[in-house]
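Okay, thanks for making time, everyone. I've got one structure to walk through today, so let me put it up on the screen.

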Amino acid sequence: MTDIASPTPERRGGTPIGHRAAARLDRLPPSRWHRRITLVVGIGAFFDLYEIFLGGVLAAVLAEQWHLGTTARSWVIAAGFLGMFVGANVLSVLADRLGRRRMFMVNLAAYSAFSLLSAFAPNIQWLLVLRFLSGLGLGAELVLVDTYLAEFLPRAVRGRYIAHAYTFGFVGVPVAALLGARLVAGHQVLGVEGWRWLLVAGALGAGFLQLMRRQLPESPRWLTVHGREEEADRIVRGIEERVARESGTTLPSVPEAETVPERKVPLGEMFRGDFRRRTLMWWTFQVLQTVGYYGFGSLAPVVLTAKGHTVTASLLYAALSFCGYPIGSALSVPLIDRIERRTLIVASALGMAACGLAFGFAVATWAIVTFGFLLTVCSNVFSNAFHVYQTEIFPTGLRSSAIGIAYSLSRLTSVVLPFVALSVLADLGAAAVFSGSAVLMVLLCLDVALLGPRSTGRSLERI
């Protein structure tokens, strides 16, 4: 099938190969190959999200077993986020310098090793250090998931496929809570405390995924930016051949008008021209979204114990509420490429604010589970929309760095959040915590609506 061969400079009027890599990837029909990389990359999100929400489970469990006070419980949640803050800054910038694939391998290897060591922590001090180090390894995982998939997926399905990837990942949230409830109820498994098995499970799963990811190619868009055009061409040519073989059709040609040169972009470009407005908007967004999104997931078991429920019952109710995460993620799939990303973010954020208020004031068990479930459904329509959106508003040369630095602010906010939220919870109750969260989500909506650009259905190079 000769017409799928990558165009050379001589056959395309001297246009450099690398300038056409993005257009060649964008015009491909979705195929089994695209679905495979979405699955492999999306499973990585599972471990990031599993680890994030595991903090709340550990805080609730160890408060009883190790007799932890409010500050110590806050550090159990915050230690992993502090590591993620550092990792998001360092590894995401390195991903723009050294490559997406290489950082994929580094971050999961570090997480797997330190998570396994955390399972053997003899006391709270060692646990906090090792939780920090495992968080450091995972810091750039979701940044890399977003960046890598956005740079491979055709623009027509970019939103839907990234939403599928996160649907795989968000299964980790109820799994963490359900495993926590079951293992905590049994107290020990094979003579070992149940919470330690939760850390072992994350470590072993991430190690297995590390083997699967060794087959991933480097991003042709990234290679082009770094002047490795022949290598980018070879990877794109291989993808074209596989897609053509799987689809059994001739691939569409690439119009010359679609050619947009890629270039290196200095990090300081984030603060110049149109990108300065986008950077300001996204930094503000990441700080505010943390309170509404991660605040519920990481604090729910602690909030429920504060409402008077036992640890085991709290974990069970949280697990039932967390089932909304994968369901909400799945519901976003048919919406995300049909509704402008900016509009979907605002609408789902308002839903989170309303359901959070209802959860905070709820007393009856059915109301707690129902509003918690609805909150998580809204949360993952919101989450998938913003994960796609952030890949589209910065150019390839600084995409990972810009997303990672902004995302690190959400991790830093997550470090501070448990100290503030648990103090408010102790002094004023759950209703006050979620009332404050609702106000911040309204401010987030104003930020995105007023400063965010439109992006749905457009080429990454033209947004």
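I'll go through one buried spot, then the cysteines, then a patch on the surface. Before that, the usual caveat: this is a predicted model.

So, start with Ile405, which you'll find in helix H17, residues 399-428. Is Ile405 buried or exposed? Its relative accessibility is 16%, and the cut-off for buried is under 20%, so Ile405 counts as buried. And who does it touch? Leaving out residues up to four places away in sequence, Ile405 has contacts with Asn89, Ser92, Val93, Leu267, Met270 and Trp283. Take Ser92 from that list: it's 313 residues from Ile405 along the chain, yet their C-alpha atoms are separated by 7.5 Å.

Next up, cysteines. How many disulfides does a search of the whole structure find? Zero. Look at Cys355, for example: the nearest cysteine sulfur belongs to Cys378 and is 4.4 Å away. A disulfide needs the two sulfurs within 2.5 Å, so Cys355 is in none. Cys355 is buried, by the way, at 13% relative accessibility. Cys445 is buried too, with a relative accessible area of 6%.

Last thing, the surface. There's a nonpolar patch of about 550 Å², made by Leu350, Val439, Val442, Leu443, Leu446 and Leu450. Which helix gives the largest share of that patch? That's helix H18, residues 430-451, with five residues. Leu443 is a nice one to click on: it sits in helix H18, and at 43% relative accessibility Leu443 counts as partly exposed.

Okay, that's my tour. Happy to rotate things if anyone wants another look.

Note on methods:
Residues are numbered from 1 along each chain as its sequence is written. This is a predicted model: local features need pLDDT of at least 70, side-chain atom pairs count only at pLDDT 80 or more; totals for chains, interfaces and linings use all residues. Side-chain values use heavy atoms; hydrogens and water are left out. Helices (H or I, at least four residues) and strands (E, at least two) are DSSP runs, numbered from the N terminus. Buried means under 20% relative accessible area, exposed over 50%, partly exposed in between (1.4 Å probe, protein chains only). Contact means heavy atoms within 4.5 Å. Patches are made of residues with over 30% relative accessible area and no salt bridge: like charges are joined within 9 Å, nonpolar side chains (Val, Leu, Ile, Met, Phe, Trp, Tyr) within 5 Å. Accessible areas come from the Shrake-Rupley method with a 1.4 Å probe; for residues, only the protein chains shown count as cover. A salt bridge is a side-chain nitrogen of Lys or Arg within 4 Å of a carboxyl oxygen of Asp or Glu.
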